[in-house]
Amino acid sequence: MNAAVSDGAPAFRCSGLAKIYRTGETEVHALRGVDLVIPAGEILVLLGPSGSGKSTLLNIIGGLDRPSSGTLLYRDLDLTAMDDRELTRFRRADVGFIFQFYNLIPSLTAEENVRLVTDIADHPMDAAEALGLVGLADRRDHYPAQLSGGEQQRVAVARAIAKRPGVLLCDEPTGALDSRTGIRVLETLAEANRTLGTTVVLITHNIGIAAMAHRVFHFLDGRIARVEVNAAPIDPAGISW
Amino acid sequence: MKALDLKLARDLWRMRGQVLAIALVLAAASATFILSLGVHRSLTATRDAYYAESAFADIFADMTRAPRSVTERVAEIPGVRHVEGSIRQYATLDLPGWRAPARALVNSLGKTGGSVLNRLTLRAGRLPDATHPGEVVADEAFVEANGLALGARLDAVIYGRKQPLTIVGVGLAPDYIYSIAPGDLIPDNSRFGIFWMNEKALEAATDRTGAITRLALTLERGASEADVIRRVDALLTPYGGTGAYGRADHISHAFLDNELLQLEAMTRVIPPVFLIVSTFLVYIVLGRMIQTERSLIGLVKAFGYSDRAIGWHYLKFALAIALVATLLGTLAGAWMGRGMTSLYAEYYRFPILRYHLSPAVIVGATALAAASAGLGALGGMRAAVRLSPAVAMAPPPPPVYRAGPIERLGKRAGLSVVGHMILRHIARWPARSAMTIFGVALSMGLLFATMQFVDSSRSMLDSYFFRSQRYDLAVTFIEPRGADAIYALAQIPGVLRAEPTRALPVKLRSGSRTERTAIEASASGARLSAHIDRDGREMALPPAGLMLSRQLADQLGVNAGDIVEVELLGGRQTRLRQPVASIVDEFVGARAYASAATLEAISRDAAPAGGAFVRIDPAARAAILARLKDMSAVLGVTERDAALLLFERMIDDNIFTMLFFYIAFASAITIGVVYNSARILFSERAHELATLRVLGYHRREVGLILLGELALLVIVAVPLGCLIGYAMAQLMTAMFSSDLFRLPFAPARSTYGYAALIVLAAALATAAIVARRILQLDMVRVLKARE
């Protein structure tokens, strides 16, 4: 069990988080003051229409972007005070990302894509082990172009969990997959949460997926409109869409 | 403006970095083309106009002394149009304050003060007055080099008699466009001048009343030069004729011709290198552009645009680059052409030498640039035309990577994942990778081929001044002297050694080939001069027979062991056969050598010396030069150190100036190739690089992946560049060699290093500019899109 889960401490704490994008004359308020605590070891789902601020929040807590104002702590680390190098180190050590379009390197085999991460992480698992966890041990020498979409996304999951990250950030991980393959991917995420104690933050348009979360945050207009706490999250196998 | 043209204009602006990088390479092609062809044409046109206007003769002949009436007999030879006789006489000069004796070649001016052939052009002052025998016109280069003004007085010893001269005019003539003292390697205008004197005055000064020593003649159109030369020689033999010769053997004409030959060689070799690279660059850049605009092409085709319109659209992109390049290249080429022409004007004296850029040259440069860019566009255009709208609008199939043989090697070598990424990407785009390697290698080859001219000149300098010439002074006598003259030299305090030198004017013949030359001899046991072979070996004079320079042997078509016929010139009708004992591969001229004994046997005389090589105590130099100035037997003195200095200055002025431009041009290739490769690489890999940044790779690490591939290609290009440079240098050395010089091919090892360093520095600086884009890599935006 991960220490973060055992002590019940929050993984992320943010208050008054705002993000304003300036393009020429116009200002876009992507986040308008978000206060949020993400407990460690939970699965969270962010729901909301396009442009409601989910992805912006995910990018900011993942260290890909910076807030315009507000505070953001990951455990004891103040992410807003970090420079680019420190943010990169934070991503390298603590964050696993999973995207809608997999973002595998086409010139590397499945195993090599995982090794991209294990080569630079502090206490990674073996690349083969990570592929085993997502059920792709036998496809380790295949290039992305030789894998189905679902398989590619599972390679992406293996790549994300191989470093034993504190947090997995998933932006529409099933958006490009059919339901059967999507559920398979969600199962591996739940599995990582269960066995590694990894906090999982998941963006989706698919309300059905909310059933597997401990908490659901509903976004609207750059704010959290509503928080649902799910006392009994179900196994992804029970989800359908 | 049509919508597609608007897109074209915006594309050009958006890709301005890449457009400019290609345009610079193509501009280098235009610039070097306009430079070399423009200067070639200007020089040719100026020369031809000057020759025509001043009636430059077709055939020249020198003799000891002939009655003036011989011109009438020469005029009767069929094919001869005009004949003119004159007197030419070397004189030693003495100006107060001059350290060493200087020489002048004094020419007579016809009765009317002018001449029919080889007409003198006055630049300042006036012609000599018939009533003042000491008045002369001096050549412009001599007057400038010595800072003389009209009215300057100097003492001359003409034909053994001291005579005060006054410079009343400054002039130029077509037979002295390039004036160099006999035996010198490069002109020294401060020590050698051309003077023109009233005919009567020179007749009196040289005891040649009613006589001439030189003939010049022009030919009727279609007359045979060889025929006329044969008949002139027959006529002049009794008068000590040393053999008539045409323009090709005229020293001033030959040097000018040599220069034109080198310019022609430059035009043939250098612009094509830039043109080839430009074609490659347009090919890869347009290829990538069409790849990224796939769906757009499909869309536009679906709207109903024809294949031809789309092909033309991309061709226009290439032609726009050619247009920019031609503009830049024309400006740069004209500017450099002007500079080069004024450099030529220092050595080649024309009344007016201006760089004239003819429209034909610009049209030629434009056509070449357009053809080069257009050829590069063809591949991309064909791809764009072939794309069917339905296929084009669908996303392209993902690139397929496979483990190739290099890859397996890499695996065995325990390559990192990043190493695999680099290798597989190179293998995925083999044509583009090969072009990058080849482009950089060509750039290095061109650098090396031009930089080695410094080595070549230095090697020539080393061989000629340090190994071959071991004397301090070369003394020329007014006329051949016996052993007593050498003895007199040796007696001057501070002279350590004096050795006689002799040159016997001859015609050498083998089969149908004839060459005018002189057989040069030094005394047995001579230590002050040596014959150095191309590979640095010292060649001893053969005990019997002749030693020919490789140049002369090639011109005669003979080899060691063959027999040549020797015809003595200068009045003696002696013909005999001599074996070619050995061949020496020298750099300067077509020359023949023999031992003093052999020469004596050939000439059947007591071998008088035409001059001497002298080794001196450096401390006594000034005193010795002063003594030589006063010796009536001495015509001139060439100081080895002064000549060496002049030669070094010429290398510094000319070669280093050219080198600067060629380093800039060759770097343009590397910059163009690396910049475009890097930009394409970046655009192809932006997605991957952003992914790596998200995964926690630092900017530096991501930069290394981008630059690693380029670095690998550039490093592979270096040895290839050495090979290309070696071949190009050999070709250029051969093309730059003429009857006057054979450039040694002697690249220093460090030159490979310097060429590689310059290329690597240019590549590194360019790559760094592109690598800065990694700072602006927007991870979020890139990851939102499907690649």
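These legends walk through close-up views of a predicted model with chains A and B.

**View 1. Six strands of chain A line up in an open sheet.**
Read across the sheet and you meet the strands in the order β6-β7-β8-β3-β9-β10, with mixed pairing. Strands β6 (95-98) and β10 (223-229) of chain A sit at the edges with a single partner strand each, so one side of each has no neighbour in the sheet. On average, neighbouring strands here are turned by 20° against each other, if you ignore direction. For a single pairing, look at β3 (residues 43-47) and β8 (residues 199-203) of chain A: they run parallel and are joined by 4 bridges. One spot to find is I43(A), whose bridge partner in β8(A) is V200(A). Helix α7 (residues 179-196) of chain A packs on this sheet, where it touches β3, β7 (167-171) and β8 of chain A. The direction of α7 makes about 165° with that of β7(A). As background, strands of a sheet pair through backbone hydrogen bonds, either parallel or antiparallel.

**View 2. Two loop residues of chain A have a positive phi.**
Which loop holds E172(A)? Look between β7 and α7 of chain A, and there is E172(A). Its phi is positive, about 50°, although E172(A) is not a glycine. E172(A) has 18 C-beta neighbours inside 10 Å, so it counts as partly exposed. Now hop to D221(A), in the loop between β9 (215-220) and β10 of chain A. D221(A) is another residue other than glycine with a positive phi, near 55°. With 14 C-beta neighbours inside 10 Å, D221(A) counts as partly exposed.

**View 3. Chain A meets chain B.**
How many residues of each chain are in contact here? On the chain A side there are 23, and on the chain B side 22. Helices α3 (84-94) and α4 (110-118) of chain A each supply at least two residues to the side of chain A that touches chain B. Sort the residues on that side by type and you get 12 nonpolar, 4 polar and 7 charged.

**View 4. Chain B as a whole, and its helix α1.**
Before zooming in, get your bearings: chain B has 22 helices and 22 strands. Its C-alpha atoms fill a box of roughly 100 × 55 × 55 Å, taken along the principal axes. Of the 787 residues in chain B, 45% are buried. Now for α1 (residues 3-14) of chain B: is this helix largely buried or in the open? The number of buried residues among its 12 is 0, so α1(B) lies largely in the open. You can check its length too: at 1.5 Å a residue, the 12 residues should span 16 Å, and the end C-alpha atoms are 16 Å apart, which agrees.

**View 5. Helix α8 of chain B has buried residues along one face.**
Find I297(B), V300(B) and K301(B), the buried residues of α8 (residues 294-303) of chain B. Looking down the axis of α8(B), you see these buried residues fall within an arc of 100°, so they line one face of the helix. Here's a handy rule: an α-helix has 3.6 residues a turn, so residues three or four places apart point the same way. The buried residues of α8(B) pack against α7 (251-292), α9 (307-347), α10 (359-386) and α11 (389-393) of chain B. Just after α8(B) comes G304(B), with a positive phi of about 115°.

**View 6. Four strands of chain B make an antiparallel open sheet.**
The strand order is β2-β10-β1-β11. Strands β2 (80-86) and β11 (245-246) of chain B are at the edges, each with a single partner strand, so one side of each lacks a neighbour in the sheet. Strand β1 (residues 59-67) of chain B is joined to β11(B) by 2 bridges, and the two run antiparallel. Look for F60(B), which stands opposite Y245(B) in β11(B). Helix α6 (residues 225-236) of chain B packs on the sheet, touching β1, β2, β10 (211-219) and β11 of chain B, and its direction makes about 10° with that of β1(B).

Note on methods: Residues are numbered from 1 along each chain as its sequence is written. Chains are lettered from A and ligands numbered from 1 in the order in which they are written. This is a predicted model: local features need pLDDT of at least 70, side-chain atom pairs count only at pLDDT 80 or more; totals for chains, interfaces and linings use all residues. Two strands pair if DSSP finds at least two bridges between them. Axes are lines fitted to C-alpha atoms, for helices over the stretch in contact, and angles run from 0 to 180 degrees between N-to-C directions. Two residues are in contact if their C-beta atoms, placed from the backbone, lie within 7 Å. Ala, Val, Leu, Ile, Met, Phe, Trp, Tyr, Cys and Pro count as nonpolar, Asp, Glu, Lys and Arg as charged, and the others, Gly among them, as polar. The expected span of a helix is 1.5 Å times one less than its number of residues. A residue is buried if 20 or more other C-beta atoms lie within 10 Å of its own, exposed if 12 or fewer, and partly exposed in between; C-beta atoms are placed from the backbone. The arc is that of the directions from the helix axis to the C-beta atoms.
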